[in-house]
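Trainee: Can we go through this one together? I have a few short questions.

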Amino acid sequence: MGYADAVAPVGVRLLASEAARIRALWTGATYVHAIAEGTVTDAPLPPGAERLRYRVTVPGFRVGPEERVVTAAESAWFSADGTAWCTGAS
């Protein structure tokens, strides 16, 4: 356990509970219902990484300007400023 300015997992699975997402929309309360699982590394953010987004108003994690839904990524970077990036999203 500890603190970091950024986290860079590899072999990432992107999981979100649809039932909890809908409950958050109905109640207006925030629930932790979307997570990224992977093996943490100290890899830097590579050029060409795509922006990874999650919004409670739209189901699924999304990547790129076309906002395609993804459930996995080869690697991801989660920064202290709240931005997330990934490579090899599928």
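Mentor: Start with a cut-off: buried means under 20% relative accessible area, exposed means over 50%, and partly exposed lies in between. Keep in mind that this is a predicted model.

Trainee: Fine. So is isoleucine 22 buried, exposed or partly exposed?

Mentor: Partly exposed, because its relative accessibility is 37% and the class in between runs from 20% to 50%.

Trainee: Where is isoleucine 22 placed?

Mentor: In helix α1. Isoleucine 22 also helps make a nonpolar surface patch of about 420 Å², together with Leu25, Trp26 and Val56.

Trainee: Next, histidine 33. Where does it lie?

Mentor: In the loop that runs between α1 (18-27) and β2 (34-41).

Trainee: Is histidine 33 buried or exposed, and why?

Mentor: Buried, because its relative accessible area is 11%, and the cut-off is under 20%.

Trainee: What does histidine 33 touch?

Mentor: Not counting residues up to four places away in sequence, histidine 33 touches Leu15, Ala16, Ser17, Ala20, Arg21, Tyr54 and Val56. In addition, a polar atom of the histidine 33 side chain lies 2.8 Å from the backbone oxygen of tyrosine 31.

Trainee: Changing topic: how many residues make up the largest nonpolar core?

Mentor: There are 11 in all, among them Val12, Leu52, Phe61, Val63 and Cys86. At least two residues of this core come from each of β1 (6-16), β4 (58-63), β6 (72-79) and β7 (84-87).

Trainee: And which residues is valine 63 in contact with?

Mentor: Leaving aside neighbours within four places in sequence, valine 63 contacts Glu50, Arg51, Leu52, Arg68, Val70, Cys86 and Ala89.

Terms used
Residues numbered from 1 in each chain as written. Predicted model: local features only at pLDDT ≥ 70, side-chain atom pairs only at ≥ 80, totals over all residues. Heavy atoms only, no water. Helix = DSSP H or I, 4+ residues; strand = E, 2+ residues; numbered from the N terminus. Buried < 20%, exposed > 50% of the residue type's maximum accessible area, 1.4 Å probe, protein only. Polar contact = N/O pair within 3.5 Å; in protein donor to acceptor, adjacent residues only side chain to side chain. Contact = heavy atoms within 4.5 Å. Patch = residues over 30% accessible without salt bridge, like charges linked within 9 Å, V, L, I, M, F, W, Y side chains within 5 Å. Areas by Shrake-Rupley, 256 points an atom, 1.4 Å probe, with all protein chains shown as cover. Salt bridge = Lys/Arg side-chain N within 4 Å of Asp/Glu carboxyl O. Core = buried A, V, L, I, M, F, W, Y, C linked by side-chain atoms within 4.5 Å.
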